[in-house]
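I opened this notebook to record how the helices and strands of one chain are arranged. The entries follow the order in which I looked things up.

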Amino acid sequence: MDNLFLYKIIILYMLDRIDIYTLTNAQILDFIVSKGYTNAFNIHESLSELIDKEFITVNMIRDTAHYQITTQGEEALFYFENRLPIAIKKDILEYFKQEKIKLKNESQIYADYYYNENQEYTVECFIKERKNVLFDLKLDVPTKSMALNICDNWRAKSAEVYSYIMNQLDNPD
């Protein structure tokens, strides 16, 4: 079996089993390289080919690539999953079990910013649960450094901000 083919099946299997979450480039590399399956160069080549064939999609959030399997990717995996050794499947599922909270948090709480038509920066802060958006906060701020600070602090303070806003809006006082 062609090694790049194996790496592509590993990636598709990972994205399929992570279910509703996305995986970042770093998360995919962390698993595959730490297990000694291959090097970063081969993974990047495999990811590029999977994107070109529309088996996966990539969404850039603050310079971080987030990958998700497509319907076409699921179909390809259905036909070729039996070529993936059981030991690798077990390694992937064990990795997800060990990293579940970290993977979930990185996938479900995120912020990004963009320069808008008013010559300001719009910051979008999200909290998602499964495929549903629980909280979506958009703020216009005057400087890029302010936008970056908000994005950088969002993960650590999102629960506190969400709780505060919900309490304020839920109280009739």
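**Helix pair and strand pairing**

Entry 1. I began with the helices of this predicted model, and I noted that α2 and α3 cross in a right-handed manner.

Entry 2. I then looked up the geometry of this crossing. The axis of helix α2 (residues 25–34) and that of helix α3 (residues 40–52) come within 10 Å of each other, and they cross at roughly 130°. I recorded α2 as oblique to α3, because an angle has to be over 145 degrees to count as roughly antiparallel and 65 to 115 to count as roughly perpendicular.

Entry 3. Which residues meet where α2 and α3 are in contact? From α2 I listed Asn25, Ile28, Leu29, Ile32 and Val33, and from α3 I listed Ala40, Ile43, His44 and Leu47. I sorted the residues of this contact into 7 nonpolar and 2 polar, with no charged residue.

Entry 4. I turned next to the strands. Strand β2 (residues 56–61) pairs with β3 in the antiparallel sense, and I found 6 bridges between them. As one position in this pairing, I noted Ile56 opposite Ile69 of β3.

Entry 5. How many residues lie between β2 and β3 in their hairpin? I found 2 residues there, and I noted that Arg62 in the turn has a positive phi of about 50°.

Entry 6. Finally, I examined strand β1 (residues 23–24). It runs antiparallel to strand β3 (residues 64–69), and 2 bridges join these strands. For Leu23, I recorded Tyr67 as the bridge partner in β3. Strand β3 is thus entered in my notes with two pairings, one to β1 and one to β2.

Methods
Residues are numbered from 1 along each chain as its sequence is written. This is a predicted model: local features need pLDDT of at least 70, side-chain atom pairs count only at pLDDT 80 or more; totals for chains, interfaces and linings use all residues. Side-chain values use heavy atoms; hydrogens and water are left out. Two strands pair if DSSP finds at least two bridges between them. Helices (H or I, at least four residues) and strands (E, at least two) are DSSP runs, numbered from the N terminus. Axes are lines fitted to C-alpha atoms, for helices over the stretch in contact, and angles run from 0 to 180 degrees between N-to-C directions. Angles under 35 degrees count as roughly parallel, over 145 as roughly antiparallel, 65 to 115 as roughly perpendicular and the rest as oblique. A crossing is left-handed if the near helix is turned anticlockwise from the far one by less than a right angle, and right-handed if clockwise. Contact means heavy atoms within 4.5 Å. Ala, Val, Leu, Ile, Met, Phe, Trp, Tyr, Cys and Pro count as nonpolar, Asp, Glu, Lys and Arg as charged, and the others, Gly among them, as polar.
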